[in-house]
There are 2 protein chains.
Amino acid sequence: MGQYVAPLRDMQFVLHELLNVESELKQLPRYADIDADIINQVLEEGAKFTSKVLFPLNHSGDREGCHLDTASHEVTTPKGFKEAYKQYVEAGWPALSCDPEYGGQGLPLAMNNSFYEMLNSSNQAWTMYTGLSHGAYECLHEHGTPEQKSLYLPKLVSGEWTGTMCLTEAHCGTDLGLLRSKAEPQADGSFKITGSKIFISAGEHDMAANILHLVLARLPDAPVGTKGISLFLVPKFIPQADGTPGARNGITCGAIEEKMGIHGNSTCQMNLDEATGWIIGQPNKGLNAMFVMMNAARLGVGMQSLGLTEVAYQNALVYAKDRIQMRSLSGVKAPDKAADPIIVHPDVRRMLLTGKAYAEGGRAFCSFIALQIDKELHHPDETVRKDAADMVALLTPIIKAFITDNAWIATSEAMQVYGGHGFISEWGMEQYVRDSRINMIYEGTNTIQSLDLLGRKVLIDNGAKLKKFGALVQAFVEENGTDEAMSEFITPLADLGDKVSKLTMEIGMKAFRNQDEVGAAAVPYLRVVGHLVYAYFFARMAKIALAKQASGDNFYKAKLATARFYFARLLPETAMLIRQARSGAANLLDLEVELF
Amino acid sequence: MGQYVAPLRDMQFVLHELLNVESELKQLPRYADIDADIINQVLEEGAKFTSKVLFPLNHSGDREGCHLDTASHEVTTPKGFKEAYKQYVEAGWPALSCDPEYGGQGLPLAMNNSFYEMLNSSNQAWTMYTGLSHGAYECLHEHGTPEQKSLYLPKLVSGEWTGTMCLTEAHCGTDLGLLRSKAEPQADGSFKITGSKIFISAGEHDMAANILHLVLARLPDAPVGTKGISLFLVPKFIPQADGTPGARNGITCGAIEEKMGIHGNSTCQMNLDEATGWIIGQPNKGLNAMFVMMNAARLGVGMQSLGLTEVAYQNALVYAKDRIQMRSLSGVKAPDKAADPIIVHPDVRRMLLTGKAYAEGGRAFCSFIALQIDKELHHPDETVRKDAADMVALLTPIIKAFITDNAWIATSEAMQVYGGHGFISEWGMEQYVRDSRINMIYEGTNTIQSLDLLGRKVLIDNGAKLKKFGALVQAFVEENGTDEAMSEFITPLADLGDKVSKLTMEIGMKAFRNQDEVGAAAVPYLRVVGHLVYAYFFARMAKIALAKQASGDNFYKAKLATARFYFARLLPETAMLIRQARSGAANLLDLEVELF
């Protein structure tokens, strides 16, 4: 049933050698005491919990799924999920990066992020129960009233209660402006909410004493479209004065969806029948408040796919070393065996290295962003906070779409390493492929992410935010431009940087004439920028590896080989993508709808 | 639960306008009487059977799966499968392209092929029961003794009995040289076969009165490796003198695999315990005989993926016209609705057109190959037969790998059109993705196909077979080089043709020094040649469409738009692939195994 070993050395390499988190965090008063030892210790504990408790439940959770009792509307999660959650709560894991004012441990996201990678490598379906709570925590923390915060945040921080986000309705997902759920104001300041929501992850389950639903609905006098949506807090059980769960609220699970993957998570249809709720933030500004949660969730989805990429790669590697089949074309490699281990075959290497490179690139990228969020929230200098916020805004859609696309590729390649056995459930590989597929869809499809990047992050300010990232690339190129050993990385990195600038300008010009040019270019454009980000981080990692070559530590030798593979085999995708992005809207739109 | 409408107009376009099958078939005495009307009538009947009988069983078959009674070793197929098979047999469909000498209808493969596309669009899992029979028919037809043929072929032709191919064992799939099943000669000329086989599609079921297993095993004195494998015919029930099924043979289903897709087909572990079998062909030449079946199966797998591409595209198209979500960026398109149908969005178009182009390109390619096989088998002129055989040998691995890779892409894009609903089982789209995944693995993984193409089809004769295809491209380029209207197709086609020649030569040179260069380049190389094939057919289809523009028939307008999309959006993949293929083996092999 496979294995998972948390890649601690790799995480430490990224945090300490690539990003120097200890010295970066020292600049943030809140984290001035955090040192590398603390980070490493927490991650070591996290590795034990995730690999020993959660990973063994991943495959069984997929086979078993969640079950709804239609009479009581209660949902039973797969065997072991509840007990694992109890351990998770008792160990204080939900509180890791939360605000100490509400019981949190106040540790940086840069660290929490690596823990989330482990959670997702071990069990994405399980992790969604707690991951959505964290999004609800962030939303309430930023937009809740002091009373709401003091009542609800400690419960989310401790993990005693979990959270959900209730946005989608059957007729609207991407286009929330169409939503119909209604909220009637009551004399006591509360609201009665009625409507039907679908695709609510962790919408009902048996793991926590209460569930806090964040629900989008319309007030009676609300304007049409997205400007008339408000956000409400709707607890499954209405808290009593002492904070314990009281009366059952009118929000119930009507059905659990049958789906392609993440079977261990309950994807619920939720019916609200005059459910009692309280408004969060301002009337008609619900989408604003929800975006806090959605941005957190988008980063979270990137982490899900990073986790799947890593664990699928690890298992394929074990199999490729173990399975013997055919002889190497360049001569027998294992004369004592009836055939060579398949890892000797170049194309098996290509499949493995695709996973390895996408995991290592994604890890560097996600950890970088987590550190940027720490700076955005806690750096004393406003300019630094603003720059960090811009970087996070720019790169969030890339985290979401690029990493999830890459995981679809990498998990499928990992499965292919197994040949026919990859298609068989008991080996566990096909589950990673199925689980990874949802990540390209939810929290805004990858097309929506690409429109967000190109339209709302890049073109909207004439590329100002993009230039901030470009400046990092430029500085690195200049700093290393004369280093002969680095030229194999610097030359293509600089070249791609130039091409991204030109491509952005070209699409911007076209978009002046026809906005559909944005939609026609956005998806390949996002992947081009994603590769620029990965090329930058791989070049930086290669530089460290080159400097440490003399140490004789094979870790650096492997790091360098992965960077070389990335530049030789994955970066060339940009040659295709740039052609696609430049090809324009006509080849998509000229054909009349009725002629399809 | 979706829909399937057989694309008859498109099939007729390919058969009659692109390939001129009627006049081509007139040159083959066996098919001299076949005219377009006969072909069209049969396909119309096929469209009714597949869409009305098989398609409605596709989703339910997936949900239900196959069930093994461990006491009796009998397998129950999903509800309705057996009855549909009865109708299929009664209508004479199994006999369509079979030899009249054994009860076949003697119709050309070029026609049967279009019928197989329909079968697979409707229900891949069901079609595998009959598809494997056809492979067994071809193998026995070529290698069976006269007695074997007269005893077994009529049963396969009528569909009364079905066939399987039993190759894989737990420790060997790709590397059949390692197989261990044993065959002991008996005094009466039969053999007692003992061993265990896995991944046997349609290995046991309740649809036919008998199952003919073609089993690879070793004779007692057999040389090691692939040169010591023999092929045996092992019927589930040993035929009696009158040809009816007699005693139960010692070959039984031990388990059905739980797998990612094609749940409607029983993937069996088959145990042979001194099962009685008869040798097919010469001792130790079993792989040779089996290759007849495997080559047929490889073409069949390409057809499976073509079928899935078409049906997934069709459903995504219906959804994209129906589902309203967001307004077009270039202005409201459906003012009477609350939002625009999503087909107005450029990236939804990109996803749809990817499916449409891969379906139309694949259909042209597969029909061309089927016609080549008709010529290979039945043309009076030996040179024509040889040329056709070379073309089939060259292009078979491309049919198998390129079309199955493309279906993985296209079904995933079609699913993405549905957003969150795509991930939900009831819409049926995720099944197409899951079903399509096996096609990249079985009948020789796509890596094996690429090694077959580059090593055994191209480099082995210094590109002689490739040049035969190149000559078709060259002739078309020259014929249309001065046609201004065709230049948008001819220029990139000619350019790619040149690049393929250079790339082939370059890899050939490198391979002299290091055979691993073949393995390092093969997978991207196959896709480059695949695109050359598609570019050639799209250019030819565009030429026809341009000539018919004036007719006012919108069919040709759509055909032209699809060709333009293909050249603008899909062909540019070659820019990536050529870089990957040229990047060499070092980036894959330099890293020592233990440093991964």
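**View 1. Helix α12 of chain B bends at Asp452(B).** This is a predicted model. The helix spans residues 446-458. At Asp452(B) the bend is about 30°.

**View 2. Helix α12(B) is largely enclosed by the rest of the structure, because 11 of its 13 residues are buried.** The buried set begins with Asn446(B), Thr447(B), Ile448(B), Gln449(B), Ser450(B) and Leu451(B). Asp452(B), where the helix bends, is buried too. Leu453(B), Leu454(B), Lys457(B) and Val458(B) are also buried.

**View 3. Both chains help to cover the buried residues of α12(B).** Chain A contributes α9 (346-378) to this cover. From chain B, the cover includes α10 (382-417), α13 (464-480), α14 (487-513) and α15 (516-548).

**View 4. Chain A meets chain B through 75 residues on each chain.** Several helices of chain A each supply at least two residues of the side that touches chain B. Among them are α8 (286-322), α9, α11 (429-439) and α15 (516-548). Helices α16 (554-570), α17 (573-582) and α18 (586-589) of chain A do so as well. The largest share, eight residues, comes from α16(A). By residue type, the side of chain A that touches chain B divides into 37 nonpolar, 20 polar and 18 charged residues.

**View 5. A rotation of 180° superposes chain A on chain B.** The shift along the rotation axis is 0.0 Å, and the RMSD is 0.0 Å. That is the relation of a two-fold axis. The same surface serves both copies. Of the contact residues of chain A, 100% recur in chain B.

Conventions. Residues numbered from 1 in each chain as written. Chains lettered and ligands numbered in written order. Predicted model: local features only at pLDDT ≥ 70, side-chain atom pairs only at ≥ 80, totals over all residues. Bend = angle between axes of the 7 residues up to and from the residue. Helix = DSSP H or I, 4+ residues; strand = E, 2+ residues; numbered from the N terminus. Buried ≥ 20, exposed ≤ 12 C-beta atoms within 10 Å, placed from the backbone. Contact = placed C-beta atoms within 7 Å. Nonpolar A, V, L, I, M, F, W, Y, C, P; charged D, E, K, R; others polar. Least-squares fit on C-alpha atoms with pLDDT ≥ 70 in both.
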